[in-house]
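Dear colleague,

Here is the structure I promised to pass on to you. Please open it beside this message, and then read on for what was found in it.

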Amino acid sequence: MTTSGMQRPGGRTARVRIAVLKAAEDALVEVGFAGLDLGDVARRAEVGRTTVYRRWGSVGALLADLLTDMAEQSLPRARTGSLAEDLRTNARLVARTLADPRQGALFRAVLVAAACDHDAAEALHRFYRARVEEWAPCVTEAVDRGELPPDTDPVEVVRAVSAPLYYRMLTTPDPLDEATADRAAATTLAAAHAGAFRRPA
């Protein structure tokens, strides 16, 4: 969920998109989805309002593009050769992202947006589908090594790692630290070993 820091392609169109998406992030962190305005984003990005309105047209479409960009820039999954370590790495990455003052505020704003805007909701679904698909092979590889039941659902295992971390962020003021992340990973691993994520017959 964090960005990789990779250099993106140049060109005026790409530079405008990068500036606008950065401005949209800033606005979401500062004022939330309810305060997101395309004119304000254009001002922050120092590009013409017409350019922003013509290319994105609505705040939902802009947010969808932002989530697409976030998915493209996300860090690749770990490949440690150990399911326990892979799940722990994933959990720590999620916790670190959500605990970050900027990234955490951004994801809270995105979640709010998804609850009331169709484009934002669809984009959020695509974002998390991409992230889950990135990490699911670590579970598939564990099944192939005989660590888990053969009919274990990799998608459900990966989702189970992140779920308690998001719940903690949204419902409590309690910190998201490595101990919390490690507990989420260990609980998921134990449940997977016990067959809790086996596909229905």
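Buried residues make up 46% of the 201 residues in the protein chain. Please keep in mind while reading that this is a predicted model, and that the values below were computed from it.

**The chain as a whole**

The protein chain has 9 helices and 0 strands, and from the N terminus on its elements follow one another as α-α-α-α-α-α-α-α-α. Taken along the principal axes, the box filled by the C-alpha atoms is roughly 55 × 35 × 30 Å. If you look at the contacts in the chain with a separation of 6 or more, you will find that 69% of them are accounted for by residues 24 or more positions apart. The accessible surface comes to about 10,200 Å², and 53% of that surface belongs to carbon and sulfur atoms. As for charge, the chain carries 26 positive and 27 negative charges, and the mean positions of these two groups are 4 Å apart.

**Helix α9**

A good place to begin looking in detail is helix α9, which covers residues 178–193 and has 16 residues. From its first C-alpha to its last, α9 reaches 22 Å, which is close to the 22 Å expected at 1.5 Å a residue. Which residues of α9 are buried? They are T180, A181, A184, A185, T188, L189 and A192. It helps to recall here that an α-helix has 3.6 residues a turn, so residues three or four places apart point the same way. The cover over the buried residues of α9 includes α5 (83–99) and α8 (154–171). Just after α9, you can find G195, which takes a positive phi of about 90°.

**Aromatic rings**

The structure holds 3 aromatic pairs. One of them is formed by F107 and F127, a tilted pair with 5.9 Å from centre to centre and 55° between the planes. This pair links distant parts of the chain, since F107 is in helix α6 (residues 101–116) and F127 is in helix α7 (residues 118–144), 20 residues apart. Both F107 and F127 are buried.

Another pair consists of Y128 and Y166, whose ring centres are 5.8 Å apart and whose planes are at 85°, so the pair is edge-to-face. Because Y128 lies in helix α7 and Y166 in helix α8, this pair ties together parts that are 38 residues apart in sequence. Are Y128 and Y166 buried or partly exposed? Y128 is partly exposed, with a relative accessible area of 22%, whereas Y166 counts as buried because its relative accessibility is 11%, and the cut-off for buried is under 20%. Ring pairs link F107, F127, Y128 and Y166 into a cluster.

**R77**

The last residue to visit is R77, which has its place in the loop between α4 (59–73) and α5. R77 is buried, with a relative accessible area of 6%. Which residues is R77 in contact with, once its neighbours within four places in sequence are left aside? They are D86, E134, W135, P137, C138 and E141. You may also wish to locate L93, which is 16 residues from R77 along the chain, and whose C-alpha atom is separated from that of R77 by 9.7 Å.

With best wishes

Note on methods:
Residues numbered from 1 in each chain as written. Predicted model: local features only at pLDDT ≥ 70, side-chain atom pairs only at ≥ 80, totals over all residues. Heavy atoms only, no water. Helix = DSSP H or I, 4+ residues; strand = E, 2+ residues; numbered from the N terminus. Buried < 20%, exposed > 50% of the residue type's maximum accessible area, 1.4 Å probe, protein only. Contact = heavy atoms within 4.5 Å. Areas by Shrake-Rupley, 256 points an atom, 1.4 Å probe, with all protein chains shown as cover. Lys, Arg positive; Asp, Glu negative; His and termini not counted. Charge placed at Lys NZ, Arg CZ, Asp CG, Glu CD. Expected span 1.5 Å × (residues − 1). Phe/Tyr/Trp six-rings, centres within 6.5 Å; stacked < 30°, edge-to-face > 60°.
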